[in-house]
Amino acid sequence: MKKDLLLFNELANHLLDVENQSPVSTPIPATQLYERLDLKLKDDGIPDDEWLAIMKEVLSFTPKTATHHFFNQLFGGRQGKAVVGDMLASLLNNSMYTYKIGGPHIGIEKQIIHNSCALIDYPKTSNGTIATGGSMSNYMGLVMARDYYDNTCRNQGVTKKMIAYTSKESHYSVSKNASFAGIGRANVRYIKTNERGEMMVSDLETQIKNDLKLGYHPFFVNGTVGTTVLGAFDPVNEIADICEKYKLWFHLDGAYCGTVLFSEKYKHLIKGVNRTDSFCYNAHKMLGTPLSCSMLLVKNGQHLYDSFNNDASYLYQADGDDLNPGKTSFQCGRRNDALKFWALWKSIGKNGIEKLVNKHFELADYARSIVRDNPDYTLYSSDDSVAICFNYKDIDPRTLCAELYENSTLVVGFGYFKDIPFVRLVCVNTNNEKKHIKQFFDLLEAHVGERIEG
Ligand SMILES: *Cc1c(COP(=O)(O)O)cnc(C)c1O
């Protein structure tokens with residue numbers, strides 16, 4: 001292993017050098033991938049020096065998500081301590097189902113869950129788990145809601161026409177999850193949003209009443225704090241009022257921006273979160289922690305147990321259920337996604353995490369000021385958002401994003417709201433400073449300048 005770690009060191013250093021020299025790697029057209037890179041698997045192995053050379057090539061051509069030129073996804077950059085934690089999780093290779101095999105890492109995960117629950121004012125009865133991502137956290141929220149509404153579903157399957165509600169701007173996992181959970185995609189109602197992309201609670205109530213009149217069974221509302229495209233925050237307290245009135249499970253999808261729970265300055269954006277039944281946030285989005293790291297928190301931990309426990313005499317042989325988180329997780333073998341986030345949190349503390357969150361909003365404010373001060377830009381997203389959705393001059397954003405990527409200038413994507421396409425600049429890279437945001441606009445404007453001249 002020590003010999004392989006020397007190879008790793010060489011590769012890691014190579015990667016960091018490449019990132020410095022070419023922050024946007026040259027894209028390989030998918031049709032040429034196998035001609036350009038030696039990816040084919042063969043019967044015979046190869047010597048280490050050849051292996052090293054191929055690995056270096058693969059690293060060079062891999063899209064770079066940690067550089068100051070990457071704005072395409074809801075993650076970017078890296079926090080060193082979190083990366084080290086993740087690499088150690090690979091070396092240790094524990095599995096998170098039992099205390100016998102997880103040891104201290106069970107306690108590490110519990111620290112993350114319990115401190116997160118405390119930050120959103122969940123009661124002592126709360127619990128949680130680290131899921132494979134926001135999609136899975138949302139799925140587990142839906143399954144708990146299903147079983148809470150009708151506890152025969154676990155054994156008999158879904159027999160009623162059960163209806164779930166989510167906004168038109170919510171993440172696509174909601175409809176996928178409805179199909180997986182036996183609810184059915186057709187039984188998801190999409191609630192209208194206002195001009196800022198926030199759920200319109202009046203429409204929510206109208207649709208619930210309508211379904212009740214038809215004899216259907218409303219059981220679940222999914223709210224979103226940080227919608228995927230616009231970064232909008234649904235009105236949490238208003239949705240909670242409706243959920244209490246109609247006795248519906250309230251799951252809040254904070255995969256993107258739920259991380260504001262760490263910030264005194266911005267946690268007002270999720271005010272009322274303590275009134276939800278379940279909530280999730282991803283450390284792999286705003287917090288520079290490697291994918292994936294999604295915390296699912298449940299106000300009454302019993303629901304997590306009721307929906308996800310299963311006996312297995314070959315596995316659960318020691319310690320109580322409390323120390324065997326396999327009883328409250330989806331998987332059997334479960335990767336240790338706790339250590340990386342704990343390693344970061346331990347290192348910089350809650351206050352350090354708060355600074356990371358605040359910085360994203362400050363950089364977003366700065367980006368918006370650039371857009372607002374120049375009449376060549378049109379802004380589509382609102383002031384609360386860490387996403388800056390804009391168009392520049394009358395250039396089609398789809399073409400612009402493609403050109404910026406093909407020229408290895410910037411990696412940024414586009415989105416749509418009410419059928420209008422725009423560039424979506426996301427401020428989630430914990431390594432960025434104002435000058436990198438300025439550089440983004442300078443590069444974009446320079447590209448468009450050359451384009452018009454050319
Ligand atoms: C990213 C995102 C998800 C999905 O999270 P994954 O970890 O990618 O599965 C869910 N909801 C919202 C609002 C998101 O932005």
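The following exercises, each with a worked solution, concern a predicted model.

**Exercise 1. The ligand shell**

Determine how many residues surround the ligand, how they divide by character, and which element gives the most to the shell.

Solution.
- Step 1. The shell around the ligand holds 15 residues. The closest are G134, S135, D253, N282 and K285.
- Step 2. By character, the shell divides into ten polar, three nonpolar and two charged residues.
- Step 3. Two helices, α7 (134–149) and α12 (283–286), each supply at least two residues of the shell. The element that gives the most is α7, with three residues.

**Exercise 2. Polar contacts of the ligand**

Identify which ligand atoms are paired with the side chains of D253, N282 and H284, and state what share of the ligand's area the protein buries.

Solution.
- Step 1. For D253, an N or O atom of the side chain is 2.6 Å from a nitrogen atom of the ligand.
- Step 2. For N282, a polar side-chain atom lies 3.1 Å from an oxygen atom of the ligand.
- Step 3. For H284, an N or O atom of the side chain is 3.3 Å from an oxygen atom of the ligand.
- Step 4. The ligand taken alone exposes 380 Å², and the protein buries 85% of that area.

**Exercise 3. A nonpolar surface patch**

List the residues of the nonpolar patch on the surface, and find which element gives the most to the patch.

Solution.
- Step 1. The members are M1, L5, F8, V84, M87, L88, L91 and L92. Together they have about 740 Å² of accessible area.
- Step 2. The elements that give two or more residues are α1 (2–21) and α4 (80–92).
- Step 3. The element that gives the most is α4, with five residues.
- Step 4. M1 is placed in the segment before α1. With a relative accessible area of 63%, M1 is exposed, because the cut-off for that class is over 50%.

**Exercise 4. Salt bridges**

For the pairs E244–R275, E354–K350 and R196–E195, give the N to O distance of each salt bridge and place the residues in their surroundings where possible.

Solution.
- Step 1. Side chains of opposite charge can pair when their charged atoms come close. A search of the whole structure finds 30 salt bridges.
- Step 2. The side chains of E244 and R275 form a salt bridge with an N to O distance of 3.1 Å. E244 belongs to helix α11 (residues 236–246), whereas R275 is in the loop between β6 (249–254) and β7 (278–282), so this pair ties together parts that are 31 residues apart in sequence. E244 is partly exposed at 48% relative accessible area, and R275 is partly exposed at 24%.
- Step 3. E354 and K350 meet in a salt bridge at 3.9 Å, N to O. These two residues are four apart in helix α14 (residues 338–372), so about one helical turn separates them. E354 is buried, with a relative accessible area of 13%, while K350 is partly exposed at 23%. The two fall into separate classes because buried means under 20%.
- Step 4. R196 and E195 form a salt bridge with an N to O distance of 3.3 Å. Here R196 is partly exposed at 37%, and E195 is exposed at 56%.
- Step 5. Salt bridges also link D86, R335, D337 and K340 in a network.

**Exercise 5. Backbone features in loops**

State where S292, K393 and S408 lie, and give the backbone angle recorded for each site.

Solution.
- Step 1. L291 and S292 are joined by a cis peptide bond, with omega about -15 degrees. S292 lies in the loop between α12 and β8 (294–298).
- Step 2. K393, a residue other than glycine, has a positive phi near 50 degrees. Its place is in the loop between β10 (387–392) and α15 (397–406), and K393 is partly exposed at 38% relative accessibility.
- Step 3. S408, also a residue other than glycine, has a positive phi near 55 degrees. S408 is found in the loop between α15 and β11 (411–417), and is partly exposed with a relative accessible area of 28%.

**Exercise 6. A separation in sequence and space**

Locate T31, classify its accessibility, and give its separation from V188.

Solution.
- Step 1. T31 is in the loop between α1 and α2 (33–36).
- Step 2. With 70% relative accessibility, T31 counts as exposed.
- Step 3. T31 and V188 are 157 residues apart in sequence, and their C-alpha atoms are 38 Å apart in space.

Notes
Residues numbered from 1 in each chain as written. Predicted model: local features only at pLDDT ≥ 70, side-chain atom pairs only at ≥ 80, totals over all residues. Heavy atoms only, no water. Patch = residues over 30% accessible without salt bridge, like charges linked within 9 Å, V, L, I, M, F, W, Y side chains within 5 Å. Areas by Shrake-Rupley, 256 points an atom, 1.4 Å probe, with all protein chains shown as cover. Salt bridge = Lys/Arg side-chain N within 4 Å of Asp/Glu carboxyl O. Buried < 20%, exposed > 50% of the residue type's maximum accessible area, 1.4 Å probe, protein only. Near = heavy atom within 4 Å. Polar contact = N/O pair within 3.5 Å; in protein donor to acceptor, adjacent residues only side chain to side chain. Nonpolar A, V, L, I, M, F, W, Y, C, P; charged D, E, K, R; others polar.
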